[in-house]
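Please follow the description below with the sequence and the coordinates at hand, moving from one region to the next.

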Amino acid sequence: MDEVSLNTEPIGDDDADEFEIEGDCGIAEYVGQTGAIQGENPIPPAVGMEFESYEDVYYFYNCFAKEQGFGVRVSNTWYRKSKERYRGKLSCSSAGFKKKSEANRPRPETRTGCPAMIKFRLMENRRWRIIEVELEHNHLISPASGKFYKSHKLIGAGTKRTLQLDSPDEVQKIKMYRTVIIDSEGNGVVDDEGGFRNFVHSNQLKLREGDARGVQDLFCRLQLMDPNFFYVVDLNEKGCMRNLFWADARSRATYGYFGDVVAIDTTCLRDKFEVPLVSFIGVNHHGHSTLLGCGLLAGETSESYIWLLRAWITCMLGRPPQAVITDQCRNLQTAVADVFPRASHCLHLACIMQKFPENLGGLLEYEAIKEALTRIVYYFLRPEEFEAAWEEKVQHHGIRDHKWIQALYEDRKRWVPAYVKETFLAGLLPFQQNEMVPSIFEGYLDKHTPLKDFLAKYDQALQMNLQLEALADMDSRNSSLVLKSRCYFELQLSKLYTNETLKRFGKEVEGMYACFSTRQVTIDGPLITYIVKEQVEVDGNRQETRDFEVMYNASEMDVLCVCGLFNFKGYLCRHALSVLNQNGLEEIPPQYILTRWRKDVKRSYAVDHSSGGIDTNNPVHRYDHLYKCIVRVVEEGRKSQDRYKVTLQGLGEILNRLHLVED
């Protein structure tokens with residue numbers, strides 16, 4: 001084993017004789033010669049709290065000790081053979097007993113064998129996690145006596161932290177009544193009050209007066225209306241809010257239907273909005289954006305994003321999406337790779353194109369470069385064609401060594417249509433010029449909207465989106481679109497698809513008439529390759545003929561077009577329809593009729609309460625499910641004295657039985 005202890009006792013024996021070091025000298029590499037702890041720490045230590053360093057654990061526990069009124073000693077520190085610390089134990093300064101002295105006038109015994117302590121160890125992610133906590137003391141403690149302990153007097157100026165409060169009634173008072181938090185391994189850790197704590201990095205949300213109250217009011221209101229409302233609060237070591245995540249029952253249920261493709265909208269962070277909002281967006285059966293959860297982040301660090309993504313996927317019962325769409329943020333890309341390693345990760349094409357002026361605007365031939373590269377991105381349908389054209393243009397304009405151009409090319413498989421057409425994206429990634437996906441909060445949130453104002457409008461924004469969906473549902477059920485053609489394909493889908501989706505598909509049916517030639521070119525067994533010629537509009541004022549290759553397997557009724565529209569949008573393109581039509585098919589094959597667009601599917605937006613709907617191996621899911629069950633018991637038990645007595649007796653019996661269960 002590559003582990004040794006500072007003690008001579010076995011490593012696993014936490015009750016061994018301790019190598020005692022006073023708090024103000026045993027941690028000498030951390031503590032300076034001047035300075036004192038400033039501020040207060042309202043948060044008691046709890047199993048699962050995580051810190052960046054050994055010193056941060058000491059500082060945190062020392063702050064807590066100062067507030068409570070006891071001193072801190074480093075009882076044990078374990079080292080590996082490489083001299084790296086990997087485990088520690090901090091105790092009350094009254095822990096243990098002094099060794100007997102042979103002096104004529106020995107000092108009186110001041111220790112009481114106090115059991116109060118915390119144990120912590122270095123995890124694989126290089127963070128320090130508290131693994132055991134004892135809060136009870138066997139002697140009197142008083143906050144007034146905190147200033148007399150050595151450990152509270154000396155904290156190095158380089159590590160001094162000041163607790164910043166927005167106002168006396170703000171961050172400190174925010175109390176999350178059913179807070180579920182995700183630790184670095186993706187698990188939840190409960191503290192003694194039923195809350196959860198997480199310590200990842202040392203920043204905090206910049207809250208103005210009234211913001212924290214706004215968060216509390218919103219969360220309490222949503223939880224009262226929705227027992228399946230899920231929220232997560234990430235606090236820093238000072239108890240200040242660092243990151244938040246929340247999702248209502250409808251968002252959680254919606255994910256079950258439309259969670260295959262998810263866009264993570266970080267516009268507010270990227271453009272420095274007053275509200276540091278991150279939204280998880282899906283697309284519903286009408287092709288409208290639908291909310292799958294929200295977060296507020298203190299910063300664009302990879303740690304914050306990893307925390308947020310793990311909170312979100314835990315809320316969604318651990319089922320990852322098949323495809324994730326984000327902007328170019330490197331830290332977010334790192335987080336997606338970490339949390340969703342099997343998901344296809346695409347970058348938002350429109351966001352990249354919007355960055356041309358910012359990154360290339362200073363070049364002498366900017367307009368020509370932008371026009372040339374834009375045409376290459378949208379025009380070429382095959383990777384080899386794109387690469388050849390890109391290389392020729394960057395060489396011609398002398399921008400091959402431009403850092404942003406190099407970064408774009410390195411990421412090409414995540415944003416260029418010629419590559420990402422292999423991934424099903426359900427219309428969430430626009431691939432045509434000037435095409436954008438509207439924001440869920442458009443009209444309710446701009447760059448200068450204060451957080452408390454946004455929170456006050458949050459319900460209104462969601463209700464507006466729900467109303468639009470309800471109206472579209474009613475429209476699809478009660479009225480049929482007037483079909484513009486007599487095409488069997490359009491008639492077939494008019495009986496199945498929502499009106500909004502049918503409108504989009506109708507444009508492809510119209511486009512069949514612009515495909516004036518469908519010619520068979522090769523046959524390879526059951527696979528037949530066609531070239532479909534289409535008259536397309538270029539630059540808004542001229543026509544151009546383009547060739548599209550379509551492969552058709554008659555035995556399987558599979559059809560694949562080089563344009564990739566089915567993966568981009570979720571319905572067949574005009575070129576594929578032309579080939580099916582030429583082969584005498586009057587109906588679209590069933591594999592190309594997606595359930596997600598159907599109007600006859602009954603969708604329940606209620607979260608499953610049964611244990612079958614959760615991952616019982618995940619402690620967060622167990623906690624969330626048990627909480628909902630016990631709330632229903634409490635609601636019944638409060639209705640009368642007799643019910644109250646029965647409930648109390650039943651809970652006592654359950655608790656006794658739990659004590660007999662071996663973990």
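In this predicted model, the second largest pocket holds about 670 Å³ of space. Of the 30 residues that line this pocket, Asp265, Thr267, Arg270, Val437 and Ser439 are the closest to its centre. By residue class, the lining of the second largest pocket divides into 15 nonpolar, eight polar and seven charged residues. Several elements contribute to that lining, with at least two residues supplied by each of strand 10, helix 4 (267-270), strand 11, strand 13 (323-326) and helix 7 (349-354).

The strands just named lead on to a sheet. Strands 10, 11 and 13 belong to an open sheet of seven strands with mixed pairing, whose order is 8-9-12-11-10-13-14. At its edges stand strand 8 (230-235) and strand 14 (344-347), and because each has a single partner strand, one side of each is left without a neighbour in the sheet. Neighbouring strands of this sheet are turned against each other by 20 degrees on average, with direction ignored. Within the sheet, strand 10 (residues 261-265) and strand 11 (residues 277-283) run antiparallel and are joined by three bridges; Ala263, for example, has Ile281 of strand 11 as its bridge partner.

Farther along the sequence, a pair of helices can be examined. Two packed helices are described by the angle between their axes and the distance between the axes. For helix 10 (residues 383-396) and helix 11 (residues 403-410), the axes come within 12 Å and cross at roughly 175 degrees. Since angles over 145 degrees count as roughly antiparallel, helix 10 is therefore roughly antiparallel to helix 11. On the side of helix 10 the contact is made by Phe386, Glu387, Trp390 and Val394, while helix 11 contributes Ile405, Leu408 and Tyr409. The residues of this contact divide into six nonpolar, no polar and one charged.

The last region to consider is another sheet. This open sheet of four strands has the order 15-16-17-18, and its pairing is antiparallel. Strand 15 (515-524) and strand 18 (558-561) are the edge strands, each pairing on one side only, and the twist from one strand to the next averages 25 degrees. Eight bridges join strand 15 to strand 16 (residues 527-538), the two running antiparallel, and among the residues paired in this way Asp524 has Leu527 of strand 16 as its bridge partner.

How values were computed. Residues numbered from 1 in each chain as written. Predicted model: local features only at pLDDT ≥ 70, side-chain atom pairs only at ≥ 80, totals over all residues. Heavy atoms only, no water. Pairing = 2+ DSSP bridges. Axes fitted to C-alpha atoms, helices over the stretch in contact; angles between N-to-C directions. Parallel < 35°, antiparallel > 145°, perpendicular 65-115°, else oblique. Contact = heavy atoms within 4.5 Å. Nonpolar A, V, L, I, M, F, W, Y, C, P; charged D, E, K, R; others polar. 1 Å grid on protein atoms, 1.4 Å probe; cavity = no way out; pocket = protein on both sides within 12 Å on 5 of 7 lines; lining within 4 Å. Points joined across faces, edges and corners; volume = space filled by probe spheres on them.
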